[in-house]
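Hi everyone, thanks for coming. Let me put the structure up on the screen, and then we can walk through it together.

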Amino acid sequence: MAVQQSAGPDPYFPANGDPRYRVHRYELTLDYRPGPNRLGGAARINAIAGRAPLTEFQLNLADFRIGGVRVDGRQAHYTHRGGRLRIRPAKPVRPGAAFTVEVHWSGNPRPVNSPWGGLGWEELGDGALVASQPVGAPSWYPCNDRPADKASYLISVTTPSAYSVVTGGRLLTRTTKASTTTWVYEQAAPTSSYLVGLAIGRYQTVLLGDPGPGGVPQHAHIPAHLLADVSRDFARQPAMMELFQELFGPYPFGEYAVVVTEEDLDVPVEAQGLSLFGANHVDGARGSERLVAHELAHQWFGNSVSVADWRHIWLNEGLAKYAEWLWSERSGGRPARQLAAAAHRLLSSLPQDLRLADPGRKAMFDDRLYERGGLTVHALRRALGDDVFFSMLRGWTSLHRGGAVTTQTFVTHVARFAPEPVEDLFDAWVYGTALPPLPEG
């Protein structure tokens, strides 16, 4: 596993995360009541200090009432303002030392503000949904909210028994007492804070395909009345899983789940081992199948191999966009070269002032980043040839599994496989702004 963390705060979100330490594991114990939208939580956070003594440090957490903070079992002084929980331990943590933080909090969770509207915990008509990309995780739990700080998770959620709880990872236990049920999930793979997804609702669970011995279990959690449409719309997801494992390498987690909510979502959202779709993405005619492929591809590109900071988001979205084109090509749809030509025509009609390598916070979710990212990957495929190109991708997902990377990491990796220098290609497509010519072939 290769982890490349930024030396300082994320330049796009300097108030989020603290690079002076890293988290090894989160253990979250939550109690949620959907009616009053009331959340009570306790977190045990196992962390490791950086190279300097920690006289104080911060976690990100939204506007909850804090019931207490302890560091290594001792009460700590803290302040909580503007989404920052600043903690001063009774005794400074030594450089490189392991330490434990315990936080208790309660309140009414709601989305945190962002340039794209509210992010994170969203109260639904009957239940709740968490989709945090990029900075919504503090809407429901205290975390070191930077994508490179990846940790394992143990999550226990107690809620009324009429509701199901879904999060990424393996369901360990489900225990009912009186009118409540406690669901306990383990996500052992290193996970960025924004990729911890959660859905609480009245869902029916169905198996998508038969994974067979050694296969990847795939489940859908859906409102019962959408069962027929979901069965058609996600019918080919197991085939996508087989194709992407062939092209990208083994699926990086133990299982994969999709949740379809009762309500509409602007776009589907990926989480670790989990993708979240709205009812508007289900039509019974596979009208959103490219999005099914896109979210599945993120399990390799963005989730297992994550960005060190948000300047490098094209690595997530460009590779997931190209996975859409590969699925189309291999499943009887339009080939990648036709989809690349259409993307090139679209981009040629739009402003050419976006730089993939550092698009700026305002443009990090711009449609042009997705399309130009996919075109960049297509240009690499044309330059390397299929055999080398797919070997390069499998090497990328294997070498950096569970880690965090930068654009320069990717450039260096590609150069190891390329028969010819690739600096000019990256200068034009990734570091420049003018749209290069459509790749031949």
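Let's begin with a question: which residues does UniProt list for "active site" in its unreviewed entry? The answer is E295 and Y370. Before we go on, please keep in mind that this is a predicted model.

So how do E295 and Y370 sit in space? They span 76 residues in sequence, yet their C-alpha atoms are no more than 13.1 Å apart, so they gather at one spot. Both E295 and Y370 belong to the lining of the largest pocket.

Now for the other annotation. Under "binding site", the unreviewed UniProt entry gives H294, H298 and E317. This set spans 24 residues in sequence, and no two of its C-alpha atoms are more than 8.6 Å apart, so these residues gather at one spot too. And where do we find H294, H298 and E317? They are included in the lining of the largest pocket. If you have the model open, that pocket is a good place to look, with E295 and Y370 as well as H294, H298 and E317 along its lining.

Let's move on to the domains. The chain is divided into domain 1, residues 1–195, and domain 2, residues 306–431. Taken over C-alpha atoms, their centres are 31 Å apart.

What does the interface look like? On the domain 1 side, 19 residues are in contact with 23 residues of domain 2. The area buried between the two domains is about 1,900 Å², and carbon and sulfur atoms give 56% of that. The domain 1 residues that touch domain 2 divide into 13 nonpolar, four polar and two charged. How many salt bridges are there between domain 1 and domain 2? The count is zero. Six residue pairs are in polar contact across this interface, though.

That's my tour, and I'm happy to take questions.

Note on methods: Residues numbered from 1 in each chain as written. Predicted model: local features only at pLDDT ≥ 70, side-chain atom pairs only at ≥ 80, totals over all residues. Heavy atoms only, no water. Domains from an automatic or database assignment. Contact = heavy atoms within 4.5 Å. Buried area = accessible area lost by both parts, 1.4 Å probe. Salt bridge = Lys/Arg side-chain N within 4 Å of Asp/Glu carboxyl O. Polar contact = N/O pair within 3.5 Å; in protein donor to acceptor, adjacent residues only side chain to side chain. Nonpolar A, V, L, I, M, F, W, Y, C, P; charged D, E, K, R; others polar. UniProt positions renumbered as here; feature names shortened; annotations may be inferred. 1 Å grid on protein atoms, 1.4 Å probe; cavity = no way out; pocket = protein on both sides within 12 Å on 5 of 7 lines; lining within 4 Å.
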